[in-house]
Amino acid sequence: MSALSIWILRTMSSMPQDKLVKTAEEILVQTLELSKQLKQRSIVLPSSLSVGANSDLWNTHDGEIKAVRSRILALTMQLDTLLEGPHGFLHEYVSTNWDHGALYALLEFDVMEKIPLDGTSVGFAQLAGEVGLEPEKLLRICRLVATAGILQETEEGFFAHTAISETLARDEGYKKFIGFQLFETRVASAHLADSLRKSNPFWNGESAFEHAWGMPMYDWHTKNPSKGKRFAQAMESVSQKVVCSDLDPGNGMVIDWFTNHQSSNKDDRAALVVEVSGKTGSFSCQLAAIFPGLCFEVQDSSSELLQRGEKALVPKLVGRVRFSQRDLFAPRSIEEVDGEGGDRSLTPIVFLLRGVLWSLDDSKAIKLLQSFIPAMQRRERPLLVINDLVSPAWGSFEPHAERAFRRRDVTLMTMHNVKQRTASEWGILICSASPQFKVTYSERYSSHSCRGLWEVQLGDKGEKNANGDS
């Protein structure tokens, strides 16, 4: 700790210890600790968010760095609230609606792509001419977005990229994700209150999205193909990032499970992984590239999705990834799993349900789970691996992190009218499908999402449910 830092701490400690001083002092203590951690790991924080700025701090989400970073963010939130007071806080809280509308306008008119990526600035009049907008209107929109640090106004009326806007200009898929969040979800959330004015239970009621647009989200995207295409690109972009990012730990959990299972499994026979409701099979193809000793069958009820997957299959995966249309809820027999002529009777089988059950009510989820029971009775007992969203226990996180998880709860309710289940509710649901299910549960968090992974085995008749945590 530097002499200046020690002097500041001593000076602050001698002052009257009101809440502001205590909070500011703790922010300094935690920031000094973070600085020490970064130096130990040779992580450099850029001096500004100018074009090209990058830091491993933004991509490091484990261990002490994550914990200290989280404490600093929680403390700065406390300080902001203390300084703003009730009226100031609420005014700022709701006013961000205008910030979001302004950013959405820039995305819709591809303004970010017209700003030079070398860090130089461009005048608003030139920008307006290139994107076909009224200059004076574009000036006010850009200026509001710049106040949030997304753009920078280098001199009056001239705008340049920051590292934030550079991301939107370079990453088309992530731009689509932000666009979806700024349009569909904002409109739906504005109708949440009205959707609750009548009896509206989870699962069987009406989502706020449906209340706003007159149909469920996926149907609306079908009828509005430009928005549907954007949504598909957004989800594809996010799914490609989640393995190595802090967005969602789900795919990483599944990959780690296969890694650990292969290292502990002495059986050298190639296993078959059956991904149920695998859509186009993009994740199975990703797993196939990581694990060359595994084969995959992608099952889905949509022939269109399966055909798209087959067309996109790279040549080196032909023969290891196949596609099968079936009724996903129909029972899976031993004969079906063993294949024609029983040629797979000795093949280890893993059924994978990834992000499937969250959208099903309890009765449908149980029916799907029970469809695996006949096949799980074969001599070479298949495993069922479930990876899905979890609503974490109350009070598990600092307030700023807690907000992200409660936001996810409300998102699923608003967009789909589904209830995000807690770990306890998931355990009860899975075990209610069969008294013979033996379940091992693990859980992983990111800054935005909580995922659970359940490894399910079928015990012998007469065995009661067994549950374990890891």
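**Exercise 1. Place E425 on the scale from buried to exposed, and identify its salt-bridge partner.**

E425 has a relative accessibility of 28% and therefore counts as partly exposed, given that buried means under 20% relative accessible area, exposed over 50%, and partly exposed in between (1.4 Å probe, protein chains only). The model is a predicted one, in which local features need pLDDT of at least 70 and side-chain atom pairs count only at pLDDT 80 or more, while totals for chains, interfaces and linings use all residues. Residues are numbered from 1 along each chain as its sequence is written, and side-chain values use heavy atoms, with hydrogens and water left out. The next step is to apply the salt-bridge rule, which asks for a side-chain nitrogen of Lys or Arg within 4 Å of a carboxyl oxygen of Asp or Glu. E425 meets the side chain of K419 in such a bridge, at 2.9 Å from N to O, and K419, at 32% relative accessibility, is likewise partly exposed.

**Exercise 2. Work out how far apart in the chain the partners of the salt bridges E33 to K36 and R230 to E108 lie.**

Begin with E33 and K36, whose side chains form a salt bridge of 3.3 Å, N to O. Because these residues are 3 apart in helix α2, about one helical turn separates them; helices (H or I, at least four residues) and strands (E, at least two) are DSSP runs, numbered from the N terminus. E33 is partly exposed at 22%, and K36 is partly exposed at 43%.

Then take R230, which forms a salt bridge with E108, the closest N and O atoms being 3.3 Å apart. This pair links distant parts of the chain, since R230 belongs to helix α11 (residues 225-241) and E108 to helix α3, 122 residues apart. R230 is buried at 7% relative accessibility, whereas E108 is partly exposed at 41%. In total, the salt-bridge count comes to 22.

**Exercise 3. Determine the number of disulfides, and examine C295 and C431.**

A disulfide is taken as a pair of cysteine sulfur atoms within 2.5 Å, and by this rule the count is 0. C295 is in no disulfide, for the nearest cysteine sulfur, that of C285, is 12 Å away. For C431, the closest cysteine sulfur is in C450, and at 18 Å it is too far for a bond. As for accessibility, C295 is partly exposed at 27%, while C431 is buried at 11%.

**Exercise 4. Trace how strands β1, β2 and β3 are joined, and say which residues stand opposite each other.**

Two strands pair if DSSP finds at least two bridges between them. Strand β1 (residues 122-123) runs antiparallel to strand β3 (residues 158-161) and is joined to it by 2 bridges, with G123 opposite F158. Strand β2 (residues 151-155) also pairs with β3 in the antiparallel sense, over 4 bridges, and here Q152 stands opposite A160. Between β2 and β3 there are 2 residues, so that the two strands form a hairpin, and G157 in its turn has a positive phi of about 85°.

**Exercise 5. Describe the protein chain as a whole.**

The secondary structure comes to 19 helices and 11 strands, and the C-alpha trace spans about 75 × 60 × 50 Å along its principal axes. Of the 470 residues, 42% count as buried. Among contacts (heavy atoms within 4.5 Å) with a separation of 6 or more, 68% come from residues 24 or more positions apart.
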